[in-house]
Amino acid sequence: MSEDFERKVLRHVPLDRREFIKKMIVGAAFAAPAIASFNMVGLGAGSAHGLTSNVVSRHDLTCRIKTDAAARLQTQINNLPPNAPPALKARLQKRLDSLNAWLIANNC
């Protein structure tokens, strides 16, 4: 690292952080060529197609989230104590019915 560059950069850095910043700059200078040296010839659009096998669509993810929420609500309803207020059970059941209707309407 040149003296001029070092002065320009390090004058903006607190004294207690200068050694760390020097190491980061020197480390970055060696990391960039190492990363750029990997062979990427085989990573064209055709070969990249197989790399996405575990990607989940937004629709599938939303279905999973809503299915899990419906299962949790059903568990809450099943575990309500016998003396639970009827309004609470009705509110939970209404929420569960709404989730189930969404799941059916969206082919989940």
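A residue counts as buried when its relative accessible area is under 20%. C63, with a relative accessible area of 8%, is therefore buried. This briefing concerns a predicted model of a protein chain with 108 residues, of which 13% count as buried. The chain contains five helices and zero strands, and its one disulfide joins C63 to C108.

**Overall architecture**

- Read from the N terminus, the elements of the protein chain follow the order α-α-α-α-α.
- Among contacts in the protein chain with a separation of 6 or more, 45% are made by residues 24 or more positions apart.
- The protein chain has an accessible surface of about 8900 Å². Carbon and sulfur atoms account for 61% of that surface.

**The nonpolar core**

- In soluble globular proteins, nonpolar side chains tend to be buried together.
- The largest nonpolar core in this model consists of ten residues: A69, A70, L73, I77, L80, A84, L92, L96, L99 and L103.
- Helix α4, which spans 58–78, and helix α5, which spans 86–105, each contribute at least two residues to this core.
- A70, one of the core residues, touches L96, L99, N100 and L103 when residues up to four places away in sequence are not counted.
- I77 is another member of the core and is found in helix α4.
- The relative accessibility of I77 is 8%, so this residue counts as buried.
- Beyond its neighbours within four places in sequence, I77 is in contact with K89, L92, Q93 and L96.
- I77 and L92 are separated by 15 residues in sequence, and their C-alpha atoms are 6.8 Å apart in space.

**The disulfide**

- The sulfur atoms of C63 and C108 are 1.8 Å apart in the disulfide.
- This pair links distant parts of the chain, since its two cysteines are 45 residues apart. C63 is in helix α4, whereas C108 is in the segment after α5.
- The torsion about the S-S bond of C63 and C108 is about -50°, and the disulfide is therefore left-handed.
- The two partners fall into separate accessibility classes: C63 is buried at 8%, while C108 counts as partly exposed at 45% relative accessibility.
- The value for C108 lies between the cut-offs for the two outer classes, because buried means under 20% and exposed means over 50%.

**A nonpolar patch at the surface**

- V56, L61 and I65 make a nonpolar surface patch of about 250 Å².
- L61, a member of this patch, is found in helix α4.
- With a relative accessibility of 43%, L61 counts as partly exposed.
- Helix α4 thus holds both L61 of the surface patch and I77 of the nonpolar core.

**A backbone feature near the C terminus**

- Most residues other than glycine have a negative phi.
- N107 has a positive phi, near 55°, although this residue is not glycine.
- N107 is found in the segment after α5, as is C108 of the disulfide.
- The relative accessible area of N107 is 68%, so this residue is exposed.

Conventions:
Residues numbered from 1 in each chain as written. Predicted model: local features only at pLDDT ≥ 70, side-chain atom pairs only at ≥ 80, totals over all residues. Heavy atoms only, no water. Helix = DSSP H or I, 4+ residues; strand = E, 2+ residues; numbered from the N terminus. Buried < 20%, exposed > 50% of the residue type's maximum accessible area, 1.4 Å probe, protein only. Contact = heavy atoms within 4.5 Å. Areas by Shrake-Rupley, 256 points an atom, 1.4 Å probe, with all protein chains shown as cover. Core = buried A, V, L, I, M, F, W, Y, C linked by side-chain atoms within 4.5 Å. Patch = residues over 30% accessible without salt bridge, like charges linked within 9 Å, V, L, I, M, F, W, Y side chains within 5 Å. Salt bridge = Lys/Arg side-chain N within 4 Å of Asp/Glu carboxyl O. Disulfide = S-S within 2.5 Å.
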